[in-house]
Amino acid sequence: MKSRVVLLRCENYEIPQVYETVRRGLELLGGLESLIHIDERVLFKVNNLASSKPEEAVTTHPEVFKAVARVFKEQGYQNLAYGDSPGFEKPAQSLAKSGFARVAEELQIPQGDFDTGRRIDFPEGKAWNSFDIATAVLESDALVSLSKMKTHALARITGAVKNQFGCIYGLNKAAFHVKLPTGTQFSRMLVDLNRLLKPRLFIMDGIVAMEGNGPRGGTPRPMNCLLFSTDPVALDATFCRLINLEPSYVPTIFYGKEYGLGTYLEDEIELVGDPLASFVAPDFDVVRKPLHLKSDNGNHTLVPQAVLTLGKHATQRWSPRPHIVAQKCIKCGICVDACPVEGKALQFKTGKRKEPPVYNYSKCIRCFCCQEMCPQKAIEVETPLLYKWFYKRGHP
């Protein structure tokens, strides 16, 4: 059977339009009753990377959460909860600042416990075999993933697959960046996390997406759509096709198919709803170069020759890296606190906050946690000229 992806036009966040689009999307997917039993405990996993105003396009828009939750309630689902584990803040405070708590209170949906959890072994993991899962996730029967359409410095895009990273509670998320510093390693872990959690339903908020310096410092970009699927790989691949990005260049998509989570091949995806061509944005600001990806069975490889030529030491020195734009930096220190590296890869030079923090790139693992957490969009991804030259030689 083909993986079905529903793509529907929705041009604003006015609740009547969002609600009708969500209701139609779920019907085209086969109806809620075909996905989740009426008596099951349902958890809405929103994307709440950090406290942000809805118009900044950092989080799932609260009105999308509201529309989805309303449809569930109207169809008789009573055992509902919501939440996320943000990158830096306490869940309750962050969810309130981002507008989710207001919606949840209106609909009488309790916040799930994302402050505590326990370790779950996953011996079937291809790349990782244990995860520290939030209590709210463990107490649910059916996970509904409400992702945001955004770019990402480490993995090209963040979407349906990556949204489940917030199911890991607290500071346990930072540890993964240290253990798995490359985009390839990190993405393979994310695929295993999805294989463990098995979300029932994926809905992506692409009404206003984020391009450029995502997942927090980018620019809002209207894409005027909502996407629905039970296959997160197919959904993310459809997102890629909307922005003229080759899906196999995205490691979560590449390994998602490799590990049996889903498919990105066009002939294995049934696209229903509105025509994809009417949404395509070829000028969407996203990195369109492949990462170092290699199939576990050895039958397919995407390896930039630059990586092989430069070698480990030079790659560490000359590969794309975070860079602080001094004029934007307010010296809040959030980037320093967010750095997961022992001893920190960036610090205030004199210990005082008179100047922006300074990087020690020999320590930097290129996890881009600093860039993700910067509230001022003051950290960008910088590609040194030497790496650009080698990359061009590796990919004419």
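1. In which kind of crossing does H7 pass H9, left-handed or right-handed? Keep this model open as you look, and remember that it is a predicted one. Turn it until both helices are in view: H7 passes H9 in a right-handed crossing.

2. Now for where these two helices lie. H7 covers residues 183-197 and H9 covers residues 251-258; they pack with their axes 8 Å apart, at an angle of about 50°. Oblique angles are those outside the roughly parallel (under 35 degrees), roughly perpendicular (65 to 115) and roughly antiparallel (over 145) ranges, and so H7 is oblique to H9.

3. Next, the residues that touch. On the H7 side you will find Gly-183, Thr-184, Ser-187, Arg-188, Leu-190 and Val-191, and on the H9 side Pro-251, Thr-252, Tyr-255 and Gly-256. Sorted by character, the residues of this contact between H7 and H9 are four nonpolar, five polar and one charged.

4. A second helix pair deserves a look too. Helix H1 (residues 15-28) packs with helix H2 (residues 62-74), their axes 9 Å apart and the angle about 55°. H1 and H2 are therefore oblique to each other, and their crossing is right-handed.

5. Which residues of H1 meet H2? They are Ile-15, Val-18, Tyr-19, Val-22, Arg-23 and Leu-26, and their partners in H2 are Glu-63, Val-64, Lys-66, Ala-67, Val-68, Arg-70, Val-71 and Glu-74. Try sorting them yourself: the contact of H1 with H2 holds nine nonpolar residues, five charged and no polar ones.

Terms used. Residues numbered from 1 in each chain as written. Predicted model: local features only at pLDDT ≥ 70, side-chain atom pairs only at ≥ 80, totals over all residues. Heavy atoms only, no water. Axes fitted to C-alpha atoms, helices over the stretch in contact; angles between N-to-C directions. Helix = DSSP H or I, 4+ residues; strand = E, 2+ residues; numbered from the N terminus. Left-handed = near helix turned anticlockwise from the far one by under 90°. Contact = heavy atoms within 4.5 Å. Nonpolar A, V, L, I, M, F, W, Y, C, P; charged D, E, K, R; others polar.
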